[in-house]
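User: I'm new to reading protein structures, and I'd like a close look at one part: the aromatic pairs. Please also show me how that part fits into the rest of the protein.

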Amino acid sequence: SDEEPVAFKANDELHQQVDSIFDDVLNEFSSIEAIKHKFEYWKNKFPKSYEQAFCSLSLPTLFTPFVKLQLLEWDPLRQTGFDHMEWYKQLADYGNTGDSMKTDTDHDDNLVPSILEKVIIPKLSHFLNSVWDPSSKRQTLKLVDLVKELRD
């Protein structure tokens with residue numbers, strides 16, 4: 001149909017915009033890995049300063065734009081959960097470098113749960129309210145799997 005090429009063109013344009021979104025950002029701040037490395041270094045070398053700066057509270061906000069970019073095409077009704085995504089793989093072990101003295105009160109343990117709360121849950125909510133077809137067995141099973149993944 002005539003609409004199909006338009007959809008592909010719009011998708012290509014979206015990919016181009018996403019690929020260029022951090023073009024004007026220094027490399028040391030243009031990826032999750034680069035920022036993660038800087039903050040983990042700070043945490044390991046200057047733990048008191050790191051804690052006093054409340055980094056644990058700022059990190060979810062800092063990483064959110066990167067996570068949202070990776071979620072642009074994620075459809076929880078068709079695709080598997082988020083644990084296979086790069087952002088999750090990169091942030092799941094944040095702060096666990098082995099060099100720092102891990103405590104039971106390490107607030108960085110809340111990084112991924114906080115991102116899930118601020119980014120994944122709202123997106124999932126949107127899909128539930130606007131896209132989900134309750135009569136679709138496939139969609140419902142995908143949502144059940146995702147909720148189980150979030151719970152675990």
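Analyst: A residue is buried when its relative accessible area is under 20%, exposed when over 50%, and partly exposed in between, using a 1.4 Å probe and protein chains only. This is a predicted model, where local features need pLDDT of at least 70 and side-chain atom pairs pLDDT 80 or more, while totals for chains, interfaces and linings use all residues. Residues are numbered from 1 along each chain as its sequence is written, and side-chain values use heavy atoms, without hydrogens or water.

Now to the rings. Rings of Phe, Tyr and Trp (its six-membered ring) pair if their centres lie within 6.5 Å; planes under 30 degrees apart are stacked, over 60 edge-to-face, and the rest tilted. Counted this way, the model has five aromatic pairs. One of them joins Trp-42 and Tyr-50: their ring centres are 5.7 Å apart and the planes stand at 85°, so this pair is edge-to-face. The two partners sit in unlike surroundings, because Trp-42 has 26% relative accessibility and counts as partly exposed, whereas Tyr-50, at 4%, is buried. For another arrangement, look at Phe-82 and Trp-87: with 6.1 Å from centre to centre and 25° between the planes, they are stacked. Phe-82 and Trp-87 are both buried. Going back to Trp-42 and Tyr-50, you can add Phe-39, since ring pairs link these three residues into a cluster.

Next, step back to the whole protein. It holds seven helices and zero strands (DSSP runs of H or I with at least four residues, or of E with at least two, numbered from the N terminus). Along the sequence the pattern reads α-α-α-α-α-α-α. Of the 152 residues, 31% are buried. If you take contacts (heavy atoms within 4.5 Å) with a separation of 6 or more, 67% of them come from residues 24 or more positions apart.

Helix 4 (residues 55-70) and helix 6 (residues 111-130) make a good example to explore. Their axes, lines fitted to C-alpha atoms over the stretch in contact, come within 10 Å and cross at roughly 60°, with angles running from 0 to 180 degrees between N-to-C directions. On the helix 4 side, the residues that meet helix 6 include Phe-63, Leu-59 and Val-67. Among their partners in helix 6 are Leu-111, Ile-115 and Val-119. The residues of this contact divide into seven nonpolar (Ala, Val, Leu, Ile, Met, Phe, Trp, Tyr, Cys and Pro), two charged (Asp, Glu, Lys and Arg) and three polar (the others, Gly among them).
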